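Visitor: Could you take me through one part of this protein at close range? I would like to start from a single residue and then see how its surroundings connect to the rest of the chain.

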Amino acid sequence: MEVHAITKNVRMSAQKMREVVRQIQGLPAARAQAILAVVPRKGARFVAKTLKSAIANAEDLKEHKKEYAAMKTDRLVVKEALAQTASTLRRFTPKARGSAGPILKRNCHIKIVLSDE
């Protein structure tokens, strides 16, 4: 069985977030949480929060849905971890001779899929 969690519009570029997300792909959920706790990057906090939410979703589904009752929450593995681009905030800064230079404030979505298989 699979469960997932999505965090949308995180104020960080997807490129920076992917460096963190790649570290936990394919690992057991408990080990992934331990790794994220020591990674010294801002993105690790957001990924850890999303992973915690996915684990909580698995426990909640196990209690309330009959088809998820056989799922083993202690054997959950990070099957898929993605950081996708979201909408970009566009701002402008003044430049020489009255022109304007663009500032792109990028956002991303984090998706984590857990499986017990």
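Guide: Happy to. Let's begin with Ser87, which touches Asn9 and Asn107 once residues up to four places away in sequence are set aside. Please keep in mind as we go that this is a predicted model. Ser87 sits in the loop between S2 and strand S3 (89-94). Is Ser87 buried or exposed? Its relative accessible area is 52%, so Ser87 counts as exposed. For a sense of distance, take Pro40, which is 47 residues from Ser87 along the chain; the C-alpha atoms of the two are separated by 26 Å.

Now step across to one of the partners of Ser87, Asn9. Asn9 belongs to strand S1, and it is partly exposed, at 47% relative accessibility. Its backbone deserves a look: Asn9 has a positive phi of about 55°, although it is not a glycine. Arg97 also has a positive phi, near 55°, and is likewise a residue other than glycine. You will find Arg97 in the loop between S3 and strand S4 (100-105). With a relative accessibility of 87%, Arg97 counts as exposed.

Back to strand S1, which spans residues 2-10 and is followed by a loop leading to helix H1 (14-24). Arg11 lies in that loop and is partly exposed, at 41% relative accessibility. On the surface, Arg11 joins Lys16, Lys42, Arg45, Arg91 and Lys105 in a patch of positive charge.

At another place in strand S1 we meet Glu2, and with it a charged pair. Side chains of opposite charge can pair when their charged atoms come close. Glu2 forms a salt bridge with Lys79, and the closest N and O atoms are 2.2 Å apart. Because Glu2 lies in strand S1 and Lys79 in strand S2 (residues 77-85), this pair ties together parts that are 77 residues apart in sequence. How accessible are the two ends? Glu2 is partly exposed, at 37% relative accessibility, and Lys79 is partly exposed too, with a relative accessible area of 48%.

Lys79 turns up again when we look at Gln25. Leaving out residues up to four places away in sequence, Gln25 touches Val78, Lys79, Glu80 and Ala81. Gln25 itself lies in the loop between H1 and H2 and is partly exposed, at 38% relative accessibility. Take Glu80 from that group of contacts: Gln25 and Glu80 are 55 residues apart in sequence, yet their C-alpha atoms are 6.2 Å apart in space.

The structure holds 2 salt bridges, and we still have to visit the one between Glu19 and Arg41. Here the side chains meet with an N to O distance of 3.0 Å. Glu19 is in helix H1 and Arg41 is in the loop between helix H2 (29-38) and H3, so to speak a link between distant parts of the chain, 22 residues apart. Glu19 is partly exposed, with a relative accessible area of 39%, and Arg41 is partly exposed as well, at 35%.

From that loop the chain moves on to helix H3, which covers residues 42-64 and includes Leu61. Apart from neighbours within four places in sequence, Leu61 is in contact with Val3 and Tyr68. Which class of accessibility does Leu61 fall into? Its relative accessible area is 22%, and the limit for buried is under 20%, so Leu61 is partly exposed. Gly101 gives a useful distance for comparison: it is 40 residues from Leu61 along the chain, and the C-alpha atoms of the two are separated by 49 Å.

To retrace the route on your screen, start at Ser87 and its contact Asn9, then follow strand S1, where Asn9 lies. From there, pick up the salt bridge between Glu2 and Lys79, and move from Lys79 to Gln25, which touches it. The salt bridge between Glu19 and Arg41 comes next, and Leu61 in helix H3 makes a good last stop.

Definitions and conventions. Residues are numbered from 1 along each chain as its sequence is written. This is a predicted model: local features need pLDDT of at least 70, side-chain atom pairs count only at pLDDT 80 or more; totals for chains, interfaces and linings use all residues. Side-chain values use heavy atoms; hydrogens and water are left out. Patches are made of residues with over 30% relative accessible area and no salt bridge: like charges are joined within 9 Å, nonpolar side chains (Val, Leu, Ile, Met, Phe, Trp, Tyr) within 5 Å. Accessible areas come from the Shrake-Rupley method with a 1.4 Å probe; for residues, only the protein chains shown count as cover. A salt bridge is a side-chain nitrogen of Lys or Arg within 4 Å of a carboxyl oxygen of Asp or Glu. Lys and Arg count as positive and Asp and Glu as negative; His and the chain ends are not counted. The place of a charge is taken as NZ of Lys, CZ of Arg, CG of Asp or CD of Glu. Helices (H or I, at least four residues) and strands (E, at least two) are DSSP runs, numbered from the N terminus. Buried means under 20% relative accessible area, exposed over 50%, partly exposed in between (1.4 Å probe, protein chains only). Contact means heavy atoms within 4.5 Å.
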